[in-house]
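Got your viewer open? Let's take a walk from the outside of the chain to its ligand.

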Amino acid sequence: MTDDDRPSETEEPLTDVADETEGDWEWRRSESARLLSDGGTDAAGADDVALDPWGSSTVSDYRKLFEQFGIEEFDELLDGVPNPHYLMRRGVIFGHRDYRPVARAMRDDEPFAALSGFMPTGDPHIGHKLVFDEIIWHQQQGGDAYALIADLEAHSARGLTWDEIDEHARNYVLSLLALGFDPEDGTLYRQSDNREVQDLAFELGIEANFSELGSIYGFDGETDVSHMQSVVTQMADILYPQVADEPKPTVIPVGPDQDPHVRLSRDLAARVRYFGVTKAYASFEVASEAERDLLAAAWAALEDEVGAEEPVRCEDAADWIESEIEPDETRHSAVEKLRSAGKEPLRPRVRFLDRNATEEAFEALIEAVDGEKRVYDEHIDAFDMDRAEAEALSREVEVDHGGYGFLPPSSIYHRFMTGLTGGKMSSSIPASHISLLDDPEDGYDKVRSATTGGRETAEKQRELGGEADECPVYELYAYLLSGDDDEFAKEVYEECVGGERLCGGCKEQAAELMREFLDDHQEKREEWADKLDELDIDLDSDRKR
Ligand code: TRP
Ligand code: SF4
């Protein structure tokens, strides 16, 4: 991609509609606003948030994901994303973990990657299309794109035979290609065939033990070993773009049920690093972030008080903390350390921690740190460097000396689609979802018979308007049928809630669009089917069982 077709950072992604009425905002945000502002509207919401990768995925209250799991709201960084995808603009992608480095890389034309995986347990359906589109979009924005078939997981966690897996894998791959994935530029693989992934999984497995997997995933004594192996395999999948190439920001687009995997992968990525980088204020180690914050506050308060010649001493900081801060565990621990450091000057610095470095790597890092530095047994303090420089330097030295140098992987989370029959969209209820392999006429029929957010009578609908926010058919428009055309999605929404649109005609229009979409999609699948052999992915495994 050239700089010319990349939107500038200041460009407003939605200028054309954002300037209009408040109603536009309603249209784009109403659904997320509703879910975010009042989890209480959903009676089932109370304790319904469990993130279980192998459970049934419904999330009745997205707000809890922010509060309980620390997932961040996507809307907050939307402005920093160049040329955002319509799923981002419409709040379908509602959350993320640490997506900023990816957005930054996109803006600065730096390398980044996107990877997601698919368990080949059935036909790909319109829910999977969201993830296909997300991978493809990141590829089009200039990222390295990876899509993998999680066949080991399907075999171990779901018990599918290899024949079934092969057939489904082929269908996933065809739909991904038909939707625009560029296999020349991107990477497609299946877990069982990727030796590098298996090797990485083995290494990562050294850093995770059974109790940890047990507490994250609810594994117990009955859990089979291969299921556990499929977890470390997924960890390796997630980090694979950074070993196949160099360390780089990587986004994993998935449903929020996969968040436990993302969190574990972020932990493991840090555990295998040679070096960690933190901020520090004195030679001693703090016990917690809170304690570090306390030192930072003391430093900020005292820095101005003493003249440039006089250093702020640890004992002065102890005095300040005792007079300003309520006593608690953190205060106690900070004061104790500051007192025993006594006259040592308090000074901000970045600290390189030796986590798993080889001796040569540690020596090389000492050499590489510019400016004033102090070297200890297991860390190096640098006084003339900021944190970002330190991160980059430590990673460079690490990679040069045979380490991984991983950046913690990022994720984005999309909403689950509502089933066409109401309730959740489920692969096991054909009428609830539309398979990408459905006969276009069946797709048409399913939409025609879908549940709606309409009123009992046409008269009431004209009077009160429909409930687009509760309507699976509107969701089809917003998530798929409108494509990139925001004006069209907005029109449907406003006509619906304004009472100008009645469900019969609305469904007819949606059903026709669905038929067209499926027609077109399947035609493209056919075209790719003839070229599948040329691709670097083996869709006939010769495994037993
Ligand atoms: N566990 C995922 C699922 O259930 C599939 C998967 C395997 C995956 N490896 C991955 C998803 C890596 C994202 C990234 O669908
Ligand atoms: Fe849903 Fe359309 Fe009816 Fe509105 S008019 S409730 S969007 S089917």
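Accessible areas here come from the Shrake-Rupley method with a 1.4 Å probe, and for residues only the protein chains shown count as cover. Switch on the surface of the whole chain: its accessible area comes to about 24,800 Å², and 44% of that belongs to carbon and sulfur atoms.

A word before zooming in: this is a predicted model, where local features need pLDDT of at least 70 and side-chain atom pairs count only at pLDDT 80 or more, while totals for chains, interfaces and linings use all residues. Residues are numbered from 1 along each chain as its sequence is written, chains are lettered from A and ligands numbered from 1 in the order in which they are written, and side-chain values use heavy atoms, with hydrogens and water left out.

Now go to cartoon view. You'll find 22 helices and 11 strands (DSSP runs, H or I of at least four residues for helices, E of at least two for strands, numbered from the N terminus). Of the 545 residues in the chain, 53% are buried, meaning under 20% relative accessible area (1.4 Å probe, protein chains only).

Next, select ligand 1 and the 14 residues around it, each with a heavy atom within 4 Å. β3 (113–118), α11 (225–244) and β6 (250–254) each supply at least two residues of this shell.

Which side chains should you show as sticks? Try Gln-234, with an N or O atom 2.8 Å from a nitrogen atom of ligand 1. Asp-237 also has a side-chain N or O atom 2.8 Å from a ligand nitrogen, and for Gln-258 the distance is 3.0 Å. Taken alone, ligand 1 exposes 370 Å², and the protein buries 91% of that.

Note on methods. Polar contact = N/O pair within 3.5 Å; in protein donor to acceptor, adjacent residues only side chain to side chain. Buried < 20%, exposed > 50% of the residue type's maximum accessible area, 1.4 Å probe, protein only.
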